[in-house]
Amino acid sequence: MSTSNVELPAWIEVILIPVLNICLALFFAGLIIFAIGESPLEAVGIMLNGAFGYDEGVGYTLYYTTNFIFTGLAVAIAFHARLFNIGGEGQAYIGGLGVGLAFLLLDGYLPTVLLLPIGIIAAALFGAAWAFIPAWLQAYRGSHIVITTIMFNFIASAVMVYLLVNVLIKPGSMSPETREFSQSSWMPFMHEMLAVVGIDVTRTPLNLSFILALVCCLLVWIYIWKTRWGYALRTAGQSEAAAVYAGIKPKRIIIITMCISGALAGMVAVNEVMGVHHRVILNFTAGYGFTGIAVALMGRNHPVGIILASLLFGVLYQGGAELAFEMPKITREMVVAIQGLIILFSGALALMLRPAMVKIWLAIMPARAVAQHG
Amino acid sequence: MKLTTRLLRTGLAATASLVLAATATAADIEPAVVFDMGGKFDKSFNQGVYDGAERFKNETGLKYREFEVTNEAQREQALRRMAQRGADPVLGIGFAQAPALEKVAKEFPDVRFAIIDMVVDLPNVRSIVFKEHEGSFLVGALAALASESGKVGFVGGMDIPLIRRFACGYEQGAKHVNPDADVIQNMTGTTPAAWNDPGRGGELTKSQFERGVDVVYAAAGGTGVGVYQAAKDAGKLAIGVDSNQNYLHPGTMLTSMLKRVDVAAYNVFMDAKNDEFTAGIQVLGLAEEGVGWAIDEHNESMITGEMKAKVDELSEMIKSGDLTVHDYTSDNTCKVAG
């Protein structure tokens, strides 16, 4: 009997199965830790304590979360139009170029109230522009978006290295990076803002971008589910023929959706370049664009799910760093393996437990299930 | 059952270390090192530091804390955590850690910091930089002396100013002994993957050989392994970098350009232990023996007396200041005299 068409209550689909997946992943990760002679329970304790146990840990966790929300949203919105945007990494990188160019030109002349929105818009515009080209190629030339967006990551990387090494580099500097922007263009840090209202927390990279990320979640939710454009987007994603019949132009949908997706990915630069580094540096994207794919998968392409999945990845990143710090036997490669297991179980094997769940559910609730079948 | 024994053992170990800590003398320090993205086993730069730290551990019996960063934000975090945990001195590896180290060093003025490959100008920071162009100049001269075709090659890792500094010194050295020398340069790539791409390194080397090169110098981290292998396969000569890599392929490895990060790291820890730690800038060139070229049992048969005499002469001229090697990063251009 096929189980895929049996409906399960929402709390099983959305809460129970993901939690069980994470538990399974943690179990296997625990086996690895046990095999090298450390206590798995202690390791989990260190990870959670490192992520939530003190204010600095929380700050770093939420700082990573911010990046994942942006890239996760970018992948998710494209996915609703059945476009697989693997180019978040490159779009974020080029978004950083947008911020950099805007601030290198303007940061001495304008006040903060103007610079912050300009930086955000520049990041979004450049990210969108970088996504526009693959989108156009997909819509009008039939080049597959997966291939082109992957390739554009490499092009972005090469462009940025060229510009940072040859053009934008601060003269006399050893490292390929721009000069530091003037302080008026910095995204306010959370610890600074909390200090204003009298709450004293340790300094962390967490900044106002986190709030921006949450706002983006709300906007994406409204866009996809509460507007005509979102309706057109979902229709084109579900069935192109139906969309055409309904008077929706799929080519336009591809272009618009990819531009929004690229803009969201470009926002990573707001967090990293405007918020933390205050200059354009090499590889500030650090793989967040790729992790965004896993975040969107785990979050079931829904903003709420993406926030939760991003938080989980934030915990993994920050807690993982703490683990490598506290347990010298656990190397950073092992931390990546543990993260990989969690992605494997909650992303790739997300539906592994579902058939079993359906059977259990049918056994417990035969009458209701039969009613649904009919 | 097993878990209980393990917990018991952990408990015992903790008690033992407490007892040890109680008997420790005031001269004992808790040094820490924060490795950069390459990781401590990169067979090159970070590993040199690791070797130096291990030597310190073996000689003194003192343990050190360590961390390998995996993204940009972790640098500051790791340095701060080390300082919070009472580590002293804290050693940061690589130019990329400079902004983070500067911030953290300001927050902990009583903790001693050190950084390799970059200058952080603070009263509690020792900055150690190397004149890679001087060492590269010497191996460039050696390459031109050993070359029969008059064409020598350079394979860099990622295309950044630091590596151009190597390339520029090398070119100056080659052209100093042979003004007609052709120096063919290739960079492996534009992303950090270029530090660990032996396959591409080998291909670049082969294409240089096809263009007539017969000595190749690699400044490319793990990519160098492919360069040396290609040289061995083609029966040409290769020059190693950072650590002494002469042992890799005796008969192929003409020499290695040494950059003594191991000594620098060891000295930071040792000076702190002996209360001789000094802040400020240390510029380690040929004169300070921070850079140099390697001659040992693996390559002495390949270096003729003439070659050695010439390179030693150049080395003395650089040390005394009669000959200056242009530093690419001083003005981001490569001026080759002569």
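# Exercises on a two-chain model

In this predicted model, buried residues account for 49% of the 374 residues of chain A.

**Exercise 1. Describe the fold of chain A: how many helices and strands does chain A have, and what radius of gyration does chain A have?**

Step 1. Begin with the secondary structure, which in chain A comes to 17 helices and zero strands.

Step 2. Turn next to the overall dimensions, where the C-alpha trace of chain A spans about 75 × 60 × 40 Å along its principal axes.

Step 3. Compare with the globule rule: a compact globule with 374 residues would have a radius of gyration near 21 Å, and because chain A has 22 Å, the two agree.

Step 4. Finish with the contacts inside the chain, where, among those between residues at least 6 apart in sequence, 77% join residues at least 24 apart.

**Exercise 2. Place A:G275 in chain A: in which helix is A:G275 found, and does A:G275 count as buried or exposed?**

Step 1. Locate the residue in the secondary structure: A:G275 is found in helix α12 of chain A.

Step 2. Apply the cut-off, under which a residue is buried if 20 or more other C-beta atoms lie within 10 Å of its own. A:G275 has 24 C-beta neighbours inside 10 Å and therefore counts as buried.

Step 3. List the partners, leaving aside neighbours within four places in sequence: A:G275 is in contact with A:M187, A:P205, A:N207, A:S209 and A:V270.

Step 4. Set sequence separation beside distance in space for one further pair: A:G275 and A:V201 are 74 residues apart in sequence, and 17 Å lie between their C-alpha atoms.

**Exercise 3. Analyse the contact between the chains: how many residues does the contact take from chain A and from chain B, and which helix gives the most to the side of chain A?**

Step 1. Count the residues on each side, which gives 23 residues from chain A and 22 residues from chain B.

Step 2. Assign the chain A side to its elements: α3 (55–80), α6 (145–167), α12 (268–277) and α14 (303–326) of chain A each supply at least two residues. Of the elements of chain A, α6(A) gives the most to this side, with five residues.

Step 3. Sort the side of chain A that touches chain B by class, which yields 17 nonpolar, five polar and one charged residues.

**Exercise 4. Describe the domains of chain B: what distance separates the centres of domain 1 and domain 2 of chain B, and how many residues does their contact take from each?**

Step 1. Take the bounds from the domain assignment of chain B, which gives domain 1 (26–130 + 262–284) and domain 2 (132–259 + 304–331).

Step 2. Consider their separation and contact: the centres of the two domains of chain B, taken over C-alpha atoms, are 29 Å apart, and the contact takes 10 residues from domain 1 of chain B and 10 residues from domain 2 of chain B.

Step 3. Examine the domain 1 side, to which helix α2 (residues 45–60) of chain B gives the most, with three residues. By class, this side of domain 1 of chain B has four nonpolar, four polar and two charged residues.

**Exercise 5. Trace the sheet of chain B: in what order do the six strands stand, and which are the edge strands?**

Step 1. Read the order, β7-β6-β8-β9-β10-β12 (chain B), in an open sheet with mixed pairing. The edge strands, each pairing on one side only, are β7 (182–189) and β12 (291–293) of chain B.

Step 2. Inspect one pair: strands β9 (residues 237–242) and β10 (residues 253–259) of chain B pair in the parallel sense over five bridges, and B:V241 has B:M257 in β10(B) as its bridge partner.

Step 3. Add the helix: α8 (residues 224–234) of chain B packs on the sheet, touching β6 (151–158), β8 (215–219), β9 and β10 of chain B, and its direction makes about 160 degrees with that of β9(B).

Methods:
Residues numbered from 1 in each chain as written. Chains lettered and ligands numbered in written order. Predicted model: local features only at pLDDT ≥ 70, side-chain atom pairs only at ≥ 80, totals over all residues. Contact = placed C-beta atoms within 7 Å. Helix = DSSP H or I, 4+ residues; strand = E, 2+ residues; numbered from the N terminus. Nonpolar A, V, L, I, M, F, W, Y, C, P; charged D, E, K, R; others polar. Rg over C-alpha atoms; globule rule 2.2 N^0.38 Å. Buried ≥ 20, exposed ≤ 12 C-beta atoms within 10 Å, placed from the backbone. Domains from an automatic or database assignment. Pairing = 2+ DSSP bridges. Axes fitted to C-alpha atoms, helices over the stretch in contact; angles between N-to-C directions.
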